[in-house]
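Reader: Could you walk me through this one before I set anything up? I'd like to go part by part.

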Amino acid sequence: MMTRTATVISFFVTTFLNTTALLPAAHGQSCSLARAAGTYGFSTSGTVVGVGLRTSVGIVTLDAAGNATNGKATSSLNGTVTKETFSGMFMVNPDCTGTGSFEIFNLSGDLLLTVTEDLVWDDNMRELRLIFTSAVPPDGKPLPIVINGDARKMVP
Amino acid sequence: MRETSGRNSLRRVALLTAVIITPLAVVIAQLGSQAAPKSRSTAAPPPTQLGAYGGGCPAAYKPGTYGFIGLGQELTNNPFGEPAGPIASILVVRSNGDGTLSVQRTDFANGALIVTPTVPGTYSVGDDCTVADTIPIPGTGALTGYGVIVQDGAEVDYMATTEGVVVQNYVGRRMPNYCTNEVLQGTYGITGTGTSLSTNSLGLPAGPMTTIGTLYFDGKGSFRKENEQAFINGSSFPIASSTGSYSVSADCRVTITATTDKLTAIGVVVDAGNSIAFIPTTPGALVANVVGKKVAEISTAQPYASTIAPALDCARV
């Protein structure tokens, strides 16, 4: 009797484990740093409250170690156009949410802003949606901002 | 509707053209690269120059058309005498296949429809698949834009970079080569972003606005918009369903006219009919971008699919 019970339990445990193992495949792969890696083109738009509209377009490379490198962008703040470079770090949760922190410089290498963002990947990690959660200039006084954006892998 | 044909309009069109032309040209150029032999990657990259492409983002010129949708703000100090305020735009950019492009732009600026004539432009593509364009404007210098090619050339993200004119982002996607009403058939999920004007006649309050809903096209010229919810200035507003007619021209431009309310809109068909981008044009009402994506995608092998496969070789970016 005990042997039969053990067999039944083993069958259900094995079936459960197999089913669980198949779930990621059935619902698509979970998100990871490795799958996020690639070069993205992005655009953002929004407002620096009290200053005016801000838009930007640029590219950035994310690597499997969580680094954001070779970022470059052109931004327009209320019609004043600036070329920028940036770099930083990001993380990805298995549910495809994430966060990022980036330092933005002018072409002379001067720090302009430190920004943080909340991130969500979709379209099988070919697209990244983002919202700025903070923007702090070197003087340490946070700017009131309402900015979001989209990034897509240049080669999906 | 206001038709503009003066110098200011030309300047404006040129700017917009620049914004659109560059990405379009880049994409088109890169579309051609898909058919290029593998030996292309071993060849010395050509120099980047106006009317050419970057070596790391190789492309060959192929004719084709892209539909762009843009949203932003016209500045008070713009030199063209255009009204300041929120602006939404639809642009149709055509590559001639030889490094030159043409752009036709329609704006809905602060509640007024402005249709501008087609203008030419030039562009350059960087090795990293960024693009920059310059549109000469007789007597006033030039207008510029900057963008980046993504998704193997299926999309170009772009922004105006001429200072003091307009703060505006654009997203451009490839249009089918030929369309009829049948290209829009089925249910599209729609999302919109923009501004509800104080002068709007749709019974909505003024303020920044987002919307979400569904739009059904029957493939024969009738539409039904429903399940729409607007979020305006921090409050939620259910939007009544509306029905009416739509028309898709052979060059894949869309006009929408409701019979149950005052809604009118213009737009473009992109992504082989799987997506539509449009702007409401009800006078004085909403300045917004709306993008609809088909709930169930059709195959790109459909007759409306582009004959030029969208692909870029940006592998070395």
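Reader: What does the domain assignment give for chain B?

Author: Bearing in mind that this is a predicted model, the assignment splits chain B into domain 1, covering 2–174, and domain 2, covering 181–294.

Reader: And how many residues does the contact take from each of those?

Author: Domain 1 of chain B gives 15 residues to the contact, while domain 2 of chain B gives 22 residues. On the domain 1 side, the elements that supply two or more residues are the strands S2 (64–74), S3 (85–95), S4 (101–109) and S10 (166–174) of chain B, and the largest share, five residues, comes from S3(B).

Reader: How does that domain 1 side divide by class?

Author: The side of domain 1 of chain B that touches domain 2 of chain B has nine nonpolar, four polar and two charged residues.

Reader: Switching to the chains, how many residues does the contact take from A and from B?

Author: That contact takes 22 residues from chain A and 27 residues from chain B. On the chain A side, S2(A) provides the largest share, six residues, and by class this side has eight nonpolar, 12 polar and two charged residues.

Reader: Which residues touch the most other members in the largest nonpolar core?

Author: That core has 89 residues, and those touching the most other members are Tyr40(A), Val248(B), Val254(B), Val268(B), Val269(B), Phe278(B) and Ile279(B). S3(B) gives the largest share of this core, six residues.

Reader: What is Tyr40(A) in contact with, leaving aside its neighbours within four places in sequence?

Author: Its contacts include Ile59(A), Val60(A), Leu62(A) and Leu128(A), and also Ala151(A), Arg152(A), Lys153(A) and Met154(A).

How values were computed. Residues numbered from 1 in each chain as written. Chains lettered and ligands numbered in written order. Predicted model: local features only at pLDDT ≥ 70, side-chain atom pairs only at ≥ 80, totals over all residues. Contact = placed C-beta atoms within 7 Å. Helix = DSSP H or I, 4+ residues; strand = E, 2+ residues; numbered from the N terminus. Nonpolar A, V, L, I, M, F, W, Y, C, P; charged D, E, K, R; others polar. Domains from an automatic or database assignment. Core = buried A, V, L, I, M, F, W, Y, C linked by C-beta atoms within 7 Å. Buried ≥ 20, exposed ≤ 12 C-beta atoms within 10 Å, placed from the backbone.
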